[in-house]
Amino acid sequence: MNSLQCVLQAQRSLRWGPLAAVSWLLLRTCRAHCSLPSPASPSPERQENGVQKDFSSRLATGPTFQHFLRSASAPQEKPSSSEAEDPPPYLRKEELLGRQRKVYLETYGCQMNVNDTDIAWSILQKSGYLRTGNLQEADVILLVTCSIREKAEQTIWNRLHQLKTLKTKRLHSRAPLRIGILGCMAERLKEEIFNREKMVDLLAGPDAYRDLPRLLAVAESGQQAANVLLSLDETYADVLPVQMSPSATSAFVSIMRGCDNMCSYCIVPFTRGRERSRPVASILEEVRKLSDQGLKEVTLLGQNVNSFRDNSEVQFNNAVSTNLSRGFTTNYKTKQGGLRFSHLLDQVSQVDPEMRIRFTSPHPKDFPDEVLQLIQERDNICKQIHLPAQSGSSRVLEAMRRGYSREAYVELVHHLRESIPGVCLSSDFIAGFCGETEEDHQHTVSLLREVQYNTGFLFAYSMRQKTRAYHRLKDDVPEEVKLRRLEELITVFREEASKVNKISVGCTQLVLVEGLSKRSVTDLCGRNDGNLKVIFPDTEMEDGINPGLKVRAQPGDYVLVKITSASSQTLKGHALCRTTLKDSLAYC
Ligand code: 5AD
Ligand code: SF4
């Protein structure tokens with residue numbers, strides 16, 4: 001680590017509290033000659049050189065002792081980007097500002113990345129950047145990336161190839177296009193990205209989005225800039241994510257980040273760092289705001305939502321402890337105290353009885369009876385649980401270090417169904433994990449038949465560096481066998497889902513309208529309590545809210561729909577009337 005890197009790291013540690021021990025921060029000179037237009041300077045190249053020289057001299061001067069003292073005495077609270085933090089010594093305050101430059105954000109991967117995109121945008125917007133949906137007019141392109149499987153990363157490399165052409169073709173009369181990699185891939189590959197794709201200007205790991213204005217300022221001067229520090233406490237609690245579509249009926253609210261489970265196949269603990277929860281108070285504040293905006297559905301988001309544990313205040317350490325699900329263990333030392341998921345769910349569900357509450361993704365180990373009882377009792381908590389099994393073979397589950405056997409998992413499914421009658425279940429499965437035999441695979445097939453999930457997310461195993469499986473196990477299932485097993489799982493899942501979904505035919509279900517169906521402008525599309533898509537004709541219907549009147553349903557309306565047909569993924573029906581969540585209960 002050179003002196004500049006030390007300085008930057010020390011600065012951050014002082015101002016932002018504890019940081020993960022293993023971290024990486026890089027700032028280096030870009031060899032490429034880029035140009036910056038300016039009315040004062042007719043030659044973009046000369047100006048770039050000027051900027052670089054100016055920048056280099058400030059860089060050489062470095063921070064003063066006073067600068068450290070200032071940092072040390074600053075409050076431990078994270079600075080919000082709007083409060084224009086003191087710039088580092090090698091940048092001027094105005095260089096941290098976007099000055100109306102246009103940012104194009106592209107999201108890959110899971111819902112966490114969608115939420116991270118909103119957080120990154122919220123930070124950039126406060127710094128004076130503008131958002132564009134037009135790639136051609138962008139000054140900055142940021143890709144929010146995923147590393148969970150090899151294929152996800154390959155998609156990004158391909159995209160970078162296309163963007164390279166866009167960057168090199170950019171007219172010299174325009175400012176150079178800056179390209180950034182955000183999220184898990186930046187965290188996993190770090191400098192390797194710069195080495196492979198010289199046109200990438202900046203890297204920001206999942207815990208470094210507050211640093212984006214600085215990284216962009218450095219990139220603007222022609223340097224490559226990176227911050228892939230992982231944090232022990234960053235939850236972006238004070239950054240209100242800016243939703244992309246203001247007419248949305250539902251929103252995701254991040255409640256925790258990172259993962260401590262260390263399943264042997266998974267890269268997430270390495271890219272997103274240690275598990276940490278956002279304070280309950282700040283979550284409730286965000287949910288209240290969303291309710292005030294008229295949103296009708298909130299999904300609590302995190303890698304292990306139901307492992308939630310708010311330890312932000314000392315007195316929370318005396319909170320009543322909750323149990324693991326029966327037959328489940330953890331890969332980490334038992335944690336104590338803190339406000340748990342049942343407390344949060346209770347509070348969130350009371351904010352607005354007309355607002356549906358969902359959560360994803362939970363881990364099966366953290367379903368104590370308090371949580372199940374709450375889901376059963378509260379009308380606005382959806383009776384839908386994602387219960388990632390990953391495999392139906394106890395032998396494979398052990399190799400995956402999931403902390404449960406097939407038997408414990410099946411017992412939990414029975415317990416859930418007894419506690420929450422009619423609950424819809426979904427799951428994740430991996431086909432072809434290290435050492436998976438044909439017999440193990442058949443155990444997964446039989447689990448799919450036994451549980452009969454409503455929804456499934458099925459993947460072929462993809463070996464990831466750094467994971468325990470990478471170090472200790474052999475990726476010995478041939479690719480074609482993985483794909484064949486995956487196909488078989490998909491077929492079985494579809495057969496079973498069709499069977500369970502057909503039970504709904506003839507029933508009346510409450511649907512939250514999202515908008516027009518993508519397939520037909522004469523149909524509306526919404527979701528039932530189990531999160532299944534429901535399609536029905538966009539016709540006039542009785543208005544249960546204003547008796548005697550007729551209405552056409554709008555996004556955000558609750559509509560009672562009589563189900564007339566079902567497939568493995570969709571229900572179809574016709575609307576009976578517009579209603580409210582509370583009034584709809586009379587029909588069930
Ligand atoms: N290969 C294939 N699938 C994986 N998942 C996580 N890691 C891998 C991997 N290395 C799947 C798991 C997880 C979901 C989000 O992605 O099923 O639940
Ligand atoms: Fe990955 Fe397991 Fe954590 Fe899920 S629980 S993010 S699969 S390590």
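This briefing walks through a few parts of the structure, from the whole chain down to single residues. The model is a predicted one. The chain contains 18 helices and 24 strands, and 56% of its 588 residues count as buried. The topics below take in one buried strand, a group of paired strands later in the chain, the surroundings of a ligand, and some residues with notable backbone geometry.

**The chain as a whole**

- The chain exposes about 25,800 Å², and carbon and sulfur atoms supply 53% of that area.
- Among contacts in the chain with a separation of 6 or more, 73% are between residues 24 or more positions apart.

**Strand β4 and its partners**

- A good place to begin is strand β4, which covers residues 140-145. Six of its six residues are buried, so the strand is largely enclosed by the rest of the structure.
- In a regular strand, side chains alternate between the two faces of the sheet.
- In β4, V140, L142 and V144 point one way, while I141, L143 and T145 point the other way, and all are buried.
- Strand β2 (residues 102-107) runs parallel to β4, and five bridges join the two. One pair to look for is V103 with its bridge partner in β4, V140.
- Strand β5 (residues 178-183) also runs parallel to β4, joined to it by six bridges. Here T145 stands opposite G183 of β5.
- To get from β4 to β5, the chain passes through helix α5 (residues 150-169), and this β-α-β crossover is right-handed.

**Strand β24 and its partners**

- Further along the chain, strand β24 (residues 570-579) pairs with strand β20 (residues 533-537) in the parallel sense, over three bridges. K533 has T570 as its bridge partner in β24.
- Strand β21 (residues 540-543) pairs with β24 in the parallel sense too, over two bridges. D543 can be found opposite R578 in β24.
- Strand β23 (residues 558-566) pairs with β24 in the antiparallel sense, over eight bridges. A566 and L571 of β24 are bridge partners.
- β23 and β24 form a hairpin, with three residues between the two strands.

**Around ligand 2**

- Which residues surround ligand 2? They are C259, N261, M262, C263, Y265, C266, V268, P269, Q303, N304, H363 and R402.
- This shell divides into seven nonpolar residues, four polar ones and one charged one.
- Q303, a member of the shell, is found in the loop between β11 (297-301) and β12 (309-310).
- Is Q303 buried or exposed? Its relative accessibility is 17%, which is under the 20% limit, so Q303 counts as buried.
- Setting aside residues up to four places away in sequence, Q303 touches M112, M256, G258, C259, V268, R272 and S361. C259 and V268 also belong to the shell around ligand 2.

**Notable backbone geometry**

- Most residues other than glycine have a negative phi, and most peptide bonds are trans. The residues below are worth viewing with that in mind.
- M262, which also belongs to the shell around ligand 2, has a positive phi of about 55° although it is not a glycine. Its place is in the loop between β9 (256-257) and α9 (268-271), and at 35% relative accessibility M262 counts as partly exposed.
- Q452 has a positive phi of about 55° and is not a glycine either. Q452 lies in the loop between α15 and β17 and is partly exposed, with a relative accessible area of 25%.
- A cis peptide bond joins T360 and S361, with omega about 0°. S361 lies in the loop between β14 (356-360) and α12 (369-377), and S361 is one of the residues that Q303 touches.

**Y453 in its loop**

- Y453 lies in the loop between α15 (438-451) and β17 (455-460).
- Y453 is buried, with a relative accessible area of 1%.
- Beyond its neighbours within four places in sequence, Y453 is in contact with residues including A389, Y409, L425, F429, F493 and V500.
- How far apart in space are Y453 and H386? They are 9.5 Å apart, C-alpha to C-alpha, and 67 residues apart in sequence.

How values were computed
Residues numbered from 1 in each chain as written. Chains lettered and ligands numbered in written order. Predicted model: local features only at pLDDT ≥ 70, side-chain atom pairs only at ≥ 80, totals over all residues. Heavy atoms only, no water. Near = heavy atom within 4 Å. Nonpolar A, V, L, I, M, F, W, Y, C, P; charged D, E, K, R; others polar. Buried < 20%, exposed > 50% of the residue type's maximum accessible area, 1.4 Å probe, protein only. Helix = DSSP H or I, 4+ residues; strand = E, 2+ residues; numbered from the N terminus. Pairing = 2+ DSSP bridges. Right-handed = clockwise from strand over helix to strand, strands pointing away. Contact = heavy atoms within 4.5 Å. Areas by Shrake-Rupley, 256 points an atom, 1.4 Å probe, with all protein chains shown as cover.
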